[in-house]
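Biologist: I am new to this structure and would like a close look at a single part of it, with its surroundings. Please take me through how the helices there pack, and then how that part sits in the whole.

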2 protein chains.
Amino acid sequence: MKTLGIAGGGQLGRMLTDSAHALGYRVVILDGIKGNSAVQVADAQIIKDYREASSIRALADECDILTYEVEKVNVEALIELSNKGFPVHHKPETLLTIKDKFQQKLFLLQNNIAVSAFQKIDSPNDVRVVAKEWGYPIVLKARFDGFDGRGNALILDESGIDDAFKKLGHNMLYAEEFVHFQKELAVIGARDVYGSVVSFPVVETVHEDHICNIVRAPADIPKSIEQKALAVAHQVMDAFASIGVLGIEMFLVGDRVIVNEVAPRVHNSGHFSIEACNVSQFDQHVRAVCGLPVENVTMNCNSAVMVNILGDREGKVQLSGVDSAVSIPKVNVHIYGKLKTRRALKMGHITATGSSMKEVEKNALEARRRITI
Amino acid sequence: MKTLGIAGGGQLGRMLTDSAHALGYRVVILDGIKGNSAVQVADAQIIKDYREASSIRALADECDILTYEVEKVNVEALIELSNKGFPVHHKPETLLTIKDKFQQKLFLLQNNIAVSAFQKIDSPNDVRVVAKEWGYPIVLKARFDGFDGRGNALILDESGIDDAFKKLGHNMLYAEEFVHFQKELAVIGARDVYGSVVSFPVVETVHEDHICNIVRAPADIPKSIEQKALAVAHQVMDAFASIGVLGIEMFLVGDRVIVNEVAPRVHNSGHFSIEACNVSQFDQHVRAVCGLPVENVTMNCNSAVMVNILGDREGKVQLSGVDSAVSIPKVNVHIYGKLKTRRALKMGHITATGSSMKEVEKNALEARRRITI
């Protein structure tokens, strides 16, 4: 029995573990929080900080194949392991490029993939310079460790520059042109060791306070836009040429599809696939990193809507209302088993399926309303 | 966070645990084998023999709701707990009736549910007496602890009586008329605390060496037979009036549907529901026993075929071929994580889905052929 090691013990690791188990793997989780979400369903835990190289080496000692569910994982150790021939997926180069959002954008641009205008920023004056070209608003971003809106500051006009620098501190920064998009789209792509590249259906994502909150599958877009989005996703997958699942977030601007951000892992926008597709994003990632073939994806319902269950207070989890939520037809609840909640923490998600998108979304939102956590 | 206690740590407990986790429950497994299948994905294990009353009491101390995945569980302790108001599902009376196959048949008959002729047997001569009425072959069965063909003996003629008694020992026995059936059918029914009763589609089961090996969903039967099978299942559910999932095995004889055997738990014939239905039998059982509502069931594909992965030797597990198996479209593999294999032990299962039953079955069988374990 082979062992898959996963650096990171959150909900993504938890759902990856379920898929790995079904395919016959043991799973060891590396995470500093004892008994974190993924650990509850896994075979073993290494209680160490995945940002430390020594922790990654300790995980490698306990597994046959190594993957990660967080970008913050120590990349130097992954490079070291990979150079020795230890199977690490995505390959460390992919993580290295994606970890630095400025490098990520540069990489996409160099591979002829449309992105919004961006510029390295070293001082407040650099913002004034790009503002002359782009106009306001401008988005100032930390190059590293931004996540769910942390590490972003919107500058509405010149008077907001100092506040933005204060918010982000003196980190390495870059600026992006503010994009007036019609919709946010996302595609989950998967690439296996045999070179097969497959995509999940294009979805529409709705963010609230920078956190992906609603996902509609498939996106309500013209066929021509769908084809563009899938082509862009394929370009991105080819550019990285990396084994595993990528979460590719995009903006629809007029009839252009531009890439916003790529995640080197399974992604919130793909959770709907557990119920709504013949194979889930978690299955595909496990298959890919373990050397199994990925599979073409079809939806097994007309419409699916995923809604996150986000924490809305600080404290111990007090779950209720799941009974009432699942009394709504074709509603599936996924609670992540976290013991403490805090504002905007991802505590679970709901996927509703059915024939009409309008009804499915109504059901998903009503189910969410009924749950407190 | 509430805790569901499951007596029994096999694959049924494992798949129940996955469902319970998603719905926000902790899971504690009672099983004498350390690290057994369900334990690998659960939150905690009590390493004790579930046939002992003290073990059941120890489990109750660690959980809020108690269920079981094996008939051999100590029923006296369940009665004691239930009498004290501790939530135990199915209710112990259901288990008590079903555990004794003779009582089970009697109970079904008393509730006007068609079963094959049966008779309590105390001596070889009793067999000769019923043979005059029914003719041979006759099936001699142990009243208790029969499972997957263990505890059954087929008597082809009078000369076989002594061998049958030798095989079954001096256990409490009964005899059944041999049924020349056209097909074996099964229905998974679920009943919740609100009194709702729902059924999964009627499936056809194919047994080899007394072990359910192939399940075709839905069964290829006329509408009138389907309706009869569902009506019989409903009668059985009503007769027991018990909370949780029942697995109801039936024979199709001419245009009659008779009940063969009822299991007070999720059942091998319902595994297809994980991929092929909007809600799985494991979800439904967890919902029911935890006081959540069960849901109407629809299939999300035309055809599904489940094939068991049975052990074919004695020894340590050496899994291979999963990569090749999942290269077949719409094939899902479930490995149960057992560390040792033996002949006819259930090591995993495969569910293939698609539009044509013929193709789906071909895919499922080919996937099975490619896996060694």
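Modeller: A helix axis here is a line fitted to C-alpha atoms over the stretch in contact, and the angle between two axes is taken between their N-to-C directions, on a scale from 0 to 180 degrees. The model is a predicted one.

With that in hand, take helix α3 of chain B, residues 75-83, and helix α4 of chain B, residues 92-99. Their axes come within 9 Å of each other and cross at roughly 160°. Angles over 145 degrees count as roughly antiparallel, so α3(B) is roughly antiparallel to α4(B). The crossing of α3(B) and α4(B) is left-handed.

Which residues make this contact? From α3(B) they are Val75(B), Leu78(B), Ile79(B) and Ser82(B). From α4(B) they are Pro92(B), Leu95(B), Leu96(B) and Lys99(B). Sorted by class, the contact of α3(B) with α4(B) has six nonpolar residues, one polar residue and one charged residue.

Next comes the link between the two helices. His90(B) is placed in the loop between α3 and α4 of chain B. The peptide bond that runs from His89(B) to His90(B) is cis, and its omega is near -10°.

On its other side, α4(B) packs against helix α5 of chain B, residues 101-110. Here the axes are 5 Å apart and the angle is about 110°. The range from 65 to 115 degrees counts as roughly perpendicular, so α4(B) is roughly perpendicular to α5(B). The α4(B) residues in this contact are Thr97(B), Ile98(B) and Lys99(B). They meet Lys101(B), Gln103(B), Gln104(B) and Phe107(B) of α5(B). The contact of α4(B) with α5(B) has two nonpolar, three polar and two charged residues. Lys99(B) takes part in the contact with α3(B) and also in the contact with α5(B).

Chain A has a helix pair to set beside this one. Helix α3 of chain A, residues 75-83, and helix α4 of chain A, residues 92-99, have axes that come within 9 Å and cross at roughly 160°. That angle makes α3(A) roughly antiparallel to α4(A). Their crossing is left-handed. In α3(A), the residues Val75(A), Leu78(A), Ile79(A) and Ser82(A) meet Pro92(A), Leu95(A), Leu96(A) and Lys99(A) in α4(A). The residues of the contact of α3(A) with α4(A) divide into six nonpolar, one polar and one charged.

How is chain B related to chain A? A turn of 180° with a shift of 0.0 Å along the axis lays chain B on chain A with an RMSD of 0.0 Å. This is the relation of a two-fold axis. In chain B, the C-alpha nearest that axis belongs to Val41(B), at 2.1 Å.

The two chains also touch. Their contact takes 36 residues from chain B and 36 residues from chain A. Of the interface residues of chain B, 100% are also interface residues in chain A, so the copies meet through the same surface. Chain B and chain A bury about 2,700 Å² between them, with 52% of it on carbon and sulfur atoms. Met1(B), Val326(B) and Lys330(B) supply 17% of the area that chain B buries against chain A, more than any other three residues.

Two details of the backbone elsewhere complete the view. The peptide bond from Ala217(B) to Pro218(B) is cis, with omega near -5°. Pro218(B) lies in the loop between β12, residues 211-217, and α8, residues 223-240, of chain B. In chain A, Ala241(A) is not a glycine, yet it has a positive phi of about 45°. Ala241(A) is placed in the loop between α8 (223-240) and β13 (244-253) of chain A.

Technical notes. Residues are numbered from 1 along each chain as its sequence is written. Chains are lettered from A and ligands numbered from 1 in the order in which they are written. This is a predicted model: local features need pLDDT of at least 70, side-chain atom pairs count only at pLDDT 80 or more; totals for chains, interfaces and linings use all residues. Side-chain values use heavy atoms; hydrogens and water are left out. Copies are superposed by least squares on the C-alpha atoms of residues with pLDDT of at least 70 in both. Contact means heavy atoms within 4.5 Å. Helices (H or I, at least four residues) and strands (E, at least two) are DSSP runs, numbered from the N terminus. Angles under 35 degrees count as roughly parallel, over 145 as roughly antiparallel, 65 to 115 as roughly perpendicular and the rest as oblique. A crossing is left-handed if the near helix is turned anticlockwise from the far one by less than a right angle, and right-handed if clockwise. Ala, Val, Leu, Ile, Met, Phe, Trp, Tyr, Cys and Pro count as nonpolar, Asp, Glu, Lys and Arg as charged, and the others, Gly among them, as polar. Buried area is the accessible area (1.4 Å probe) that two parts lose on being put together, summed over both.
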